[in-house]
Amino acid sequence: MKKMCSEYIIPGMMLAKDVTGLDGSVLLEKGKVLDDKDIKLLIDAGIDYVYVTIKEKEEEERFLLNIAEDYVSKFFMYVNPDSKFVSELFKIVVELVFDGLKKGLELPCEDILRAKHVERMKDLFFKDMGGPEDIVKHELSLASFPDVYFRLKKLLDSGSASAKDIAEVVSSDVALATKLLKLVNSPLFALAKKVTSIEQAVALVGEEELTEVALGLSAIRYFKDIPSELMDMKTFWKHSLSCGIFSKIIASYVKDVNEETMFTAGLLHDVGKLILFKNMPYSTVETLIFARENMVPMVEAEEIVLGFTHTDLSNLIMESWEFPDEIRDIVTHHHSPRGANFKKGAIILQVADNLANAIEVSRGGKYVVPGMNDEDFDELNLPINALRPIVEKHNQLLDTILATIL
Amino acid sequence: MPELSIGKLTLRKTPKMSINEFKELTAFIHDKTGIAIPVRRKYLIENKLGNRLKELHLSSYADYIKYLKFSPKKESEFKKLCELITVNETSFFRDIKQLTVFKNIILPEIIKKREKQGNKELKIWSAGCSTGEEPYTLGIILHEVLKVSIIGWRIQIYATDISPAVLIRARRGIYNQYSLRTTPDHIIEKYFIKQPDGYKIHPKVQKLVNFQLLNITDPKHTKKVPNSDIIFCRNVIIYFDDEVKRRVINNFYDKLKDDGYLFLGYSESIHRISKLFKSQIKPGGIVYIKN
Ligand SMILES: [Fe+2]
Ligand SMILES: [Fe+2]
């Protein structure tokens, strides 16, 4: 027996329970094998979900695969169906959803996906009353960035920091040091041996590399106190980390890019969204709803609703925080890699963001896949069949590392 | 085996739309509705219209455009097209804070003024009313505020939309539990009648509302709208480009009484495109008055 939204039912499924109307009368009886007319009746009557069964095991697989395909297609409506990258991504996600359905995954119903019943609220800022510059200025006046960050940044800029110097600064912040050690000891870094001190970690990962990762981790803390009733912060950081992990794995396949830089860029790629959310929570919600209702990616919804995007904010805030230029450039262009100075990095991040969004579909995510150009993807010289193992590796790592850094 | 069939899956389920077809179609839509569709939404449009092509047994979008322009059924087809490309989802008592501004501040003010003038007439225009939740919500609020004295008033809520399908549902006035999710229980009890197929809006509210098929971007259409005390147009102009927005705002200006109020959606603003209105911040939201 499976609980299923009325709109996902496929003719031939059998009702496992009576379906009753609002007044308690029986609309359709248990045991009824549903046809198109019945399904239309359920939808018209506003029955959100029913319990169905499928008799034969083999039949069940066919049904579930059909449902998975239909469901995942909704999230690929915005992208080029002829792109090889998109097609491969589509197949990977269909398979994930198919596997999920077999294990009892419940897919969110259409009206939830399209945010049909979310209350809209008012905001502090209104469109046209403040641009990205005003928002960032306001943000900077609110809170200061972690001290340890600037000390690390100074070391990084000096170019002559020793392992001991870095270890000293990082260790002054116990929480940061602990997270950093857990992270580098995770399978993501695949170090030859377990490290027990920051000094050791620097020796194995590299001075610049480890400092950049530490910068990323200390930046996360800045956003710790965002109230989460409007935006699910766990989901946000999961997506961010997912991008970080994907970026680092992809970077290992690509020449001339630094894996740790890509990890940090991935981790912080959507910080603009947090700045937006902190300063304009309700407009952010409005943007989220717009994206879902219209099945467009978030960047496009922002463009329409707000007139600017989270990447504009990321650029400005990272500039104020004096982030390394390369990371800032990559983050700023993760939706438009053609304008980037570090184009390969930006493309890797765009691929990572697409992968992360696609994987989220199989985990109840509600946003469409943003897509990208095959020509950009080709610049990485990444074979299309590498995507599957990349996704598998990522899926093994995500949950444990999430527990480590949050 | 599923493994095998996943390998064969394809995302391409519709004919391809050429860039020229896209341009022609969107120019046509823009001319008739004011809705601008950027080229990056081409695949989305392909997907949304793909089924329509199948139903009409057409093999290309060029044929579909011809059908839209020259078929004897072009009118009804255009309406179907509108349904596919516009978003029509609302619920009762959505935007509660903004409705509170209407209920607690604007409405009492206008009522007092009209009573003083000895002209107990109230006209509200709900522009882009979709399936009727907004105009009915406004009707319910009028009942709640005026109570029994409502019988002494001439009230008209003029509710318009470009999609005939949503207007059919609006006139039917039957809603499911989901539409009523944000509605307080005592309101449902007072203003809805439970039926086997859902909740029907009470006739005393329904008779206040007059639904009309109308394009708000077209002055020829909006001429028919009565001069209004209040105009609600929420989450509609967001789909228009600046020029069309300006046109719509002009139409609103023409149709709003000099002391009337305009309500827009929360993240919509007209400040950049038109100086005809100025904003007034009220506790709970922004309203616009004539400049
Ligand atoms: Fe992004
Ligand atoms: Fe992202």
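In this predicted model, the centres of domain 1 and domain 2 of chain A sit 44 Å from each other, going by C-alpha atoms. Domain 1 of chain A takes in residues 1-55, and domain 2 runs over 127-405.

The metal site comes next. The iron ion (ligand 2) gets its protein donors from A:H239 (NE2), A:H269 (NE2), A:D270 (OD) and A:D353 (OD), which lie 2.3 Å from the ion. Read along the sequence, these donor residues follow the spacing H-x29-H-D-x82-D. As for geometry, the angles among the 4 donor atoms run from 79 to 172°, and the site of the iron ion (ligand 2) comes out as irregular. For four donors to count as tetrahedral, every angle would have to fall between 85 and 135 degrees. For reference, the ideal angle for four tetrahedral donors is 109.5 degrees.

One of these donors does double duty: A:D270 bridges the iron ion (ligand 2) and the iron ion (ligand 1), with 3.5 Å between the two ions. A:D270 and A:D353 also tie together distant parts of the chain, being 83 residues apart. A:D270 belongs to the loop between α12 (259-267) and α13 (271-279) of chain A, while A:D353 is part of helix α18 (residues 343-361). Buried is the verdict for both A:D270 and A:D353.

Elsewhere in chain A, A:V205 is part of helix α9 (residues 198-205). A:V205 counts as buried because its relative accessibility is 12%, and the cut-off for buried is under 20%. Leaving aside residues up to four places away in sequence, the contacts of A:V205 are A:V184, A:F189, A:L191, A:L210 and A:E260. A:P108, by contrast, is 97 residues from A:V205 along the chain, and their C-alpha atoms are 42 Å apart.

Over in chain B, helix α8 (residues 164-172) has B:P164, B:V166, B:L167 and B:A170 as its buried residues. These residues are on the same side of α8(B), because the arc they cover around the axis is only 150°. That fits the general picture: an α-helix has 3.6 residues a turn, so residues three or four places apart point the same way. Several elements of chain B help cover the buried residues of α8(B), including the helices α5 (74-85) and α7 (133-146). The strands β2 (154-161), β3 (174-175) and β6 (209-213) of chain B are also among the elements covering them. Right after α8(B) comes B:G173, with a positive phi near 65°.

Key: Residues are numbered from 1 along each chain as its sequence is written. Chains are lettered from A and ligands numbered from 1 in the order in which they are written. This is a predicted model: local features need pLDDT of at least 70, side-chain atom pairs count only at pLDDT 80 or more; totals for chains, interfaces and linings use all residues. Side-chain values use heavy atoms; hydrogens and water are left out. Donors are N, O and S atoms within 2.8 Å of the metal (3.2 Å for Na, K and Ca); water is not among the atoms, so sites may look incomplete. Four donors count as tetrahedral if all angles lie between 85 and 135 degrees; four count as square planar and six as octahedral if opposite donors are over 155 degrees apart and all others between 65 and 115; anything else is irregular. Helices (H or I, at least four residues) and strands (E, at least two) are DSSP runs, numbered from the N terminus. Buried means under 20% relative accessible area, exposed over 50%, partly exposed in between (1.4 Å probe, protein chains only). Domain bounds come from an automatic or database domain assignment. Contact means heavy atoms within 4.5 Å. The arc is that of the directions from the helix axis to the C-beta atoms.
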